[in-house]
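Please open the model in your viewer and keep the sequence panel beside it. The stops below go from the whole chain to single residues, each with something to select.

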Amino acid sequence: MELRSADTKGFHNGQEIPLVGLGVWKMADEREAVEAIQIAVDAGYRAIDTAKVYENEEFVGRAIREVDVPRETLTITTKLWNADHGYDETLRAFETSMKKLQLDYLDLYLIHWPVGSYKDSWRAMERLYNEGLVKSIGVSNFHQHHLENLFTTANEKPVIDQIEMHPLLSQKPLRSYLESQDIVHEAWSPLAKGGELLNNPVLKSIAEARDLTVAQVILRWHLNNGSVIIPKSVTPERIRSNIDLFDFDLSATDMEQIDALNEDKRTGSDPDSEEFLAREWK
């Protein structure tokens with residue numbers, strides 16, 4: 001599959017998103033976060049993904065103001081947290097996030113998890129979209145049944161569903177459904193948590209044969225599957241190598257071997273689990 005670093009994924013509303021973005025989850029140190037974003041932008045990244053619950057929207061806003069590229073070339077995502085569901089609550093949460101980011105508009109606003117009154121939250125997000133404060137609206141961690149429930153009252157369809165996805169959790173059925181609905185699938189934790197995949201012998205063999213890192217092999221697998229990815233790192237060489245994915249490809253055999261690693265194994269929460277549903281959000 002021929003891809004270029006400048007390629008984007010189109011949304012059904014006419015907007016688009018870069019194929020590779022920088023995730024900033026757990027970047028709690030301001031200097032570290034700003035430097036990571038600056039290094040990423042210098043390396044060619046044009047998408048930054050944050051969230052209220054990451055508690056670093058201010059850092060992202062500062063980095064956006066300091067990087068040497070025009071604001072309009074960047075795609076900035078933040079997310080509505082679980083404690084802020086509801087129509088009025090969503091509008092207030094959005095205003096707070098925008099003050100922290102110090103932006104005039106947001107490129108992509110997502111419902112972080114399908115909990116509580118997310119249908120009321122979606123109505124508020126539709127208002128933000130219709131008023132031009134947000135270019136696109138979407139969801140995160142929604143299963144098919146969550147989306148089908150949302151569709152019963154929604155006037156706008158989400159442009160994207162950001163889901164946990166990696167070779168141990170390939171999400172093929174959900175990806176197929178999203179594609180049938182013209183909704184982009186975006187992988188959070190594309191390398192999985194805990195480093196288990198980085199020592200996988202199948203992936204190491206594919207990487208060694210091409211003089212690549214295991215992370216590059218996994219990330220290219222995502223791109224070949226049509227996904228958008230947001231790998232997270234604060235290490236300069238990893239930030240650069242995580243977007244250096246466009247001068248090689250994986251063979252059909254490589255893809256089949258990686259597909260075969262799927263165990264439907266999550267390293268994050270399942271929004272349908274009893275443990276998750278029983279949590280109280282703050």
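Begin at Gln-171, which is buried, with a relative accessible area of 11%, in what you should keep in mind is a predicted model. Select the stretch around Gln-171 and you will find this residue in the loop between strand 8 (160–164) and helix 6 (172–180). Its backbone deserves a look, since Gln-171 has a positive phi of about 60° although it is not a glycine. Most residues other than glycine have a negative phi.

**The whole chain**

Now zoom out and show the protein chain as a cartoon, where the secondary structure comes to 11 helices and 10 strands. Along the principal axes, the C-alpha atoms fill a box of roughly 55 × 40 × 35 Å. The radius of gyration is 18 Å, which agrees with the value near 19 Å that a compact globule of 282 residues would have. Of the 282 residues, 54% count as buried, and if you turn on the surface, its accessible area comes to about 12,700 Å², of which 43% belongs to carbon and sulfur atoms. Among contacts between residues at least 6 apart in sequence, 74% join residues at least 24 apart.

Next, select residues 21–263, where an unreviewed UniProt entry places the feature "domain: NADP-dependent oxidoreductase". The end C-alpha atoms of residues 21–263 lie 26 Å apart, and the span is 43% helix and 15% strand.

**The sheet**

Colour the strands and follow the open sheet of 8 strands, which has the order 3-4-5-6-7-8-9-10 with parallel pairing. Strand 3 (22–23) and strand 10 (228–229) stand at the edges, each with a single partner strand, so one side of each is left without a neighbour in the sheet.

Within this sheet, select strand 6 (residues 106–111) together with strand 7, to which 5 bridges join it in a parallel run. Leu-106 stands opposite Val-134 in strand 7. Moving on from strand 7 (residues 134–140), you reach strand 8, a parallel partner joined to strand 7 by 2 bridges, and here Ser-140 stands opposite Gln-162.

How many residues of strand 8 are buried? Strand 8 is mostly covered, with 5 of its 5 residues buried. Show the side chains and you will see Ile-160, Gln-162 and Glu-164 pointing one way from the strand, while Asp-161 and Ile-163 point the other way.

**The nonpolar core**

Which residues have the most contacts inside the largest nonpolar core? They are Val-20, Leu-106 and Tyr-109, in a core of 78 residues. Keep Leu-106 selected and display its surroundings: leaving aside neighbours within four places in sequence, Leu-106 is in contact with Arg-71, Ile-76, Thr-78, Phe-94, Met-98, Leu-101, Leu-133, Val-134 and Lys-135. Apart from the largest core lies another, of 8 residues, among them Phe-11, Leu-110, Val-159 and Ile-160.

**Single residues to visit**

Select Tyr-54, where UniProt, in an unreviewed entry, places the feature "active site". You will find Tyr-54 in the loop between strand 4 (47–49) and helix 2 (57–66), and despite its place in a loop the residue is buried, with a relative accessible area of 15%. Not counting residues up to four places away in sequence, Tyr-54 touches Val-24, Trp-25, Asp-49, Lys-79 and His-112.

Move to helix 4 (residues 118–130) and pick out Ser-121, which counts as buried at 0% relative accessibility. Among the residues that Ser-121 touches, beyond those up to four places away in sequence, are Leu-80, His-85, Gly-86, Tyr-87, Thr-90 and Ile-111.

Then select Ala-192, in the loop between strand 9 (184–188) and helix 7 (201–210). Phi of Ala-192 is near 70°, a positive value in a residue other than glycine, and Ala-192 is buried, with a relative accessible area of 14%.

Finish at Asn-242, in the loop between helix 9 (236–241) and helix 10 (252–259). Is Asn-242 buried or exposed? At 5% relative accessibility, Asn-242 counts as buried. With neighbours within four places in sequence left aside, Asn-242 is in contact with Val-20, Tyr-45, Ala-215, Leu-219, Pro-231 and Ser-233, and one of these, Val-20, will be familiar from the largest nonpolar core.

Technical notes. Residues numbered from 1 in each chain as written. Predicted model: local features only at pLDDT ≥ 70, side-chain atom pairs only at ≥ 80, totals over all residues. Heavy atoms only, no water. Core = buried A, V, L, I, M, F, W, Y, C linked by side-chain atoms within 4.5 Å. Buried < 20%, exposed > 50% of the residue type's maximum accessible area, 1.4 Å probe, protein only. Contact = heavy atoms within 4.5 Å. Helix = DSSP H or I, 4+ residues; strand = E, 2+ residues; numbered from the N terminus. UniProt positions renumbered as here; feature names shortened; annotations may be inferred. Rg over C-alpha atoms; globule rule 2.2 N^0.38 Å. Areas by Shrake-Rupley, 256 points an atom, 1.4 Å probe, with all protein chains shown as cover. Pairing = 2+ DSSP bridges.
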